[in-house]
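Before reading this note, please look through the structure once on your own. The points below then go through it step by step, so that each can be checked against what you see.

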Amino acid sequence: MPENMEITDIRTIEIFHTLEKIQRMNRAIAFHRAIANPDRLAIEQYQRLKNDFTQQLLELLGEMDLRLKMAA
């Protein structure tokens, strides 16, 4: 997306923010899996948050008449 393009639609902004949250959870999960003694509790908590954000994203996309399913 060009840098000078301004996003004004609230739903679009929410979608981008939710995607950023999912990306942060992916990085946190990868970090905790990569350490010598992985913190399983932290990984599970980040995965739950990621699932919540993914569900939120699906709902936002549904409001735009896009129907997607979350992979198992």
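**Notes on the predicted model**

1. The residue to start with is R11, which has a relative accessible area of 31% and is therefore partly exposed, since that class lies between the cut-offs of under 20% for buried and over 50% for exposed. Please keep in mind throughout that this is a predicted model, and that R11 belongs to helix α1.

2. Which residues does R11 touch, once those up to four places away in sequence are set aside? They are L60, E63 and M64. With E63 the side chain of R11 makes a polar contact of 3.1 Å, and the C-alpha atoms of R11 and E63 lie 8.6 Å apart in space although 52 residues separate the two in sequence.

3. The pair formed by E63 and R11 also qualifies as a salt bridge, with 3.1 Å between the closest N and O atoms. Because E63 lies in helix α2 and R11 in helix α1, this pair ties together parts of the chain that are 52 residues apart in sequence. The count of salt bridges comes to one.

4. Stepping back to the whole protein chain, one finds two helices and zero strands. Of the 72 residues in the chain, 22% are buried, while the chain exposes about 5900 Å², of which carbon and sulfur atoms supply 53%. Among contacts between residues at least 6 apart in sequence, 49% join residues that are at least 24 apart.

5. Helix α2 covers residues 40-63, and its length can be checked by a small calculation: at 1.5 Å a residue, its 24 residues should span 34 Å, and the end C-alpha atoms are 35 Å apart, so the model agrees with the expected value. A student repeating this should note that the expected span is 1.5 Å times one less than the number of residues.

6. The two ends of α2 each have a detail that deserves a look. At the start of the helix, a side-chain oxygen of D39 comes to within 3.2 Å of the backbone nitrogen of L41, whereas just after the helix D65 takes a positive phi of about 65 degrees.

7. Which residues of α2 are buried? They are A42, I43, F53, T54, L57, L58, L60, L61 and G62, and the cover over the buried residues of this helix includes α1, residues 10-34. An α-helix has 3.6 residues a turn, so residues three or four places apart point the same way, which is a useful idea to hold against this list.

8. The largest nonpolar core has seven residues in all, namely I15, I22, M25, F53, L57, L60 and L61. Two or more residues of this core come from each of α1 and α2, and α2 gives the most, with four residues. As background, nonpolar side chains in soluble globular proteins tend to be buried together.

9. One member of this core, L61, can be followed further: leaving aside its neighbours within four places in sequence, L61 is in contact with I15, L66 and L68.

10. Finally, is A30 buried, partly exposed or exposed? This residue of helix α1 has a relative accessibility of 45% and so counts as partly exposed. The C-alpha atom of A30 is separated by 8.6 Å from that of I43, which is 13 residues away along the chain.

Conventions:
Residues numbered from 1 in each chain as written. Predicted model: local features only at pLDDT ≥ 70, side-chain atom pairs only at ≥ 80, totals over all residues. Heavy atoms only, no water. Buried < 20%, exposed > 50% of the residue type's maximum accessible area, 1.4 Å probe, protein only. Contact = heavy atoms within 4.5 Å. Polar contact = N/O pair within 3.5 Å; in protein donor to acceptor, adjacent residues only side chain to side chain. Core = buried A, V, L, I, M, F, W, Y, C linked by side-chain atoms within 4.5 Å. Areas by Shrake-Rupley, 256 points an atom, 1.4 Å probe, with all protein chains shown as cover. Salt bridge = Lys/Arg side-chain N within 4 Å of Asp/Glu carboxyl O.
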